[in-house]
Amino acid sequence: MSDRVLVFDTTLRDGEQSPGVRLSLADKLEIGQQLVSLGVDIIEAGFPISSPGDFESVNQLAKQLKGVTICGLTRARQKDIEVAAEALAPAERRRIHTGLGVSENHLQHKLRMTREEALATGVQAVKWARQFTDDVEYFMEDSGRADLSYVYKVVEEVIKAGATTINVPDTTGFTYPNEYYHLIKGIIENVPNSDKAVFSCHCHNDLGMATANTLAGVMAGARQVEVTVNGIGERAGNTSLEEVVMALYIRNDKFGASTGIDTTQLLPTSRMVSRLSGMVVQRNKAIVGANAYAHSSGIHQDGVLKERSTYEIIDPKLVGAEKSEIILTSKSGRHGLKHRLAELGYSFSDERFEEIYANFIKVADSKSEVNEDDLRVLVA
Ligand SMILES: [Zn+2]
């Protein structure tokens with residue numbers, strides 16, 4: 001099995017479906033260019049039939065972005081597929097992403113089809129899509145709640161029809177890691193032609209397990225991850241790109257798999273998407289949060305200043321951050337204060353430093369953070 005995991009970014013499609021997010025064409029082009037610099041393999045640019053604006057943005061991204069596969073989403077309908085193919089026509093490399101639900105819930109309540117009807121519809125959709133490109137991804141919506149014997153049957157038949165990537169979405173964020181592992185593993189082991197396709201993890205974060213589930217999928221043999229920058233997406237969001245990429249990087253000892261991502265572009269990409277989408281990144285967000293490399297307690301500051309790896313498993317430079325930050329609060333100690341004063345160009349005799357430290361603690365008790373201006377006042 002290859003150790004290369006493909007990164008399929010759906011910030012511009014699933015991410016844009018976040019309530020409250022609306023990206024303009026210019027925003028999408030800016031983000032798209034940045035995703036190319038970041039090194040993603042596939043950009044899901046939109047759902048072309050859903051609106052003229054979506055068609056236009058998929059079409060423009062297909063025209064302007066080089067060195068990446070551009071993908072358009074469709075339902076399992078001929079018209080959807082034709083419209084997507086038209087929008088994607090100018091792309092260097094194009095992928096059509098089609099499919100439909102496989103859980104009893106979706107078959108009964110949403111699709112109102114029998115299993116056999118749904119399977120035939122899916123197979124036909126793959127055949128239509130293959131008329132326009134040999135890169136066809138098939139999604140089995142709500143796989144996380146579906147009957148396994150039916151899932152295996154669908155995978156086998158759509159691969160026969162020409163699907164080259166099989167997306168196994170946990171659409172509702174219902175599964176847990178061990179379960180998702182066995183879902184992917186079960187498909188790979190039980191479907192006779194599974195070696196003809198790449199399996200893809202598409203997880204949602206309703207129970208906070210999107211990243212863990214995606215990594216479990218990779219462990220089971222999936223070689224594509226569907227992710228968004230900052231984890232934006234429907235409801236509680238999609239799997240976060242930066243978390244999966246850095247987990248594979250930092251824990252390569254366990255996964256033995258890697259991506260083509262330039263990790264130093266992670267923070268700039270996160271900031272751009274946050275600014276353009278209006279979705280603020282929580283301070284304690286893994287990898288890209290403002291506090292991810294910041295230390296305020298005296299014991300941790302002392303450790304990090306002596307040797308960064310005492311309390312940090314990721315070198316901030318790896319993700320494009322400048323350095324670890326020492327944040328001064330009432331929990332900070334002498335070592336941290338001395339360090340910050342030195343950064344401002346100050347050094348003092350021990351006696352003078354003790355005076356400053358005593359005043360620092362008084363100020364720190366009255367506010368959440370002692371900033372540079374406060375330090376200058378203290379010294380003055
Ligand atoms: Zn989704």
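A residue counts as buried if 20 or more other C-beta atoms lie within 10 Å of its own. That cut-off is applied here to a predicted model. Two topics follow: helix H7, and the contact between domain 1 and domain 2.

**Helix H7**

- H7 covers residues 177-190, which is 14 residues. At 1.5 Å a residue it should span 20 Å, and its end C-alpha atoms are 20 Å apart, so the two values agree.
- Five names make up the buried set of H7: Tyr-180, Tyr-181, Leu-183, Ile-184 and Ile-187.
- These buried residues cover an arc of only 160° around the axis, so they sit on the same side of H7.
- In general, an α-helix has 3.6 residues a turn, so residues three or four places apart point the same way.
- Asn-178 and Glu-189 are exposed, on the face of H7 turned away from its buried side.
- The buried residues of H7 pack against two helices, H6 (148-161) and H8 (210-220). They also pack against strands E6 (165-170) and E7 (198-203).

**Domain 1 and domain 2**

- The domain assignment of the protein chain places domain 1 at 6-277 and domain 2 at 295-379.
- Their C-alpha centres lie 44 Å apart.
- Contact involves eight residues of domain 1 and six residues of domain 2.
- On the side of domain 1 that touches domain 2, helix H9 (241-250) and helix H11 (266-277) each supply at least two residues.
- H11 gives the most to that side, with three residues.
- By type, the residues on that side of domain 1 are five nonpolar, three polar and no charged.

Definitions and conventions
Residues numbered from 1 in each chain as written. Predicted model: local features only at pLDDT ≥ 70, side-chain atom pairs only at ≥ 80, totals over all residues. Helix = DSSP H or I, 4+ residues; strand = E, 2+ residues; numbered from the N terminus. Expected span 1.5 Å × (residues − 1). Buried ≥ 20, exposed ≤ 12 C-beta atoms within 10 Å, placed from the backbone. Arc of directions from axis to C-beta. Contact = placed C-beta atoms within 7 Å. Domains from an automatic or database assignment. Nonpolar A, V, L, I, M, F, W, Y, C, P; charged D, E, K, R; others polar.
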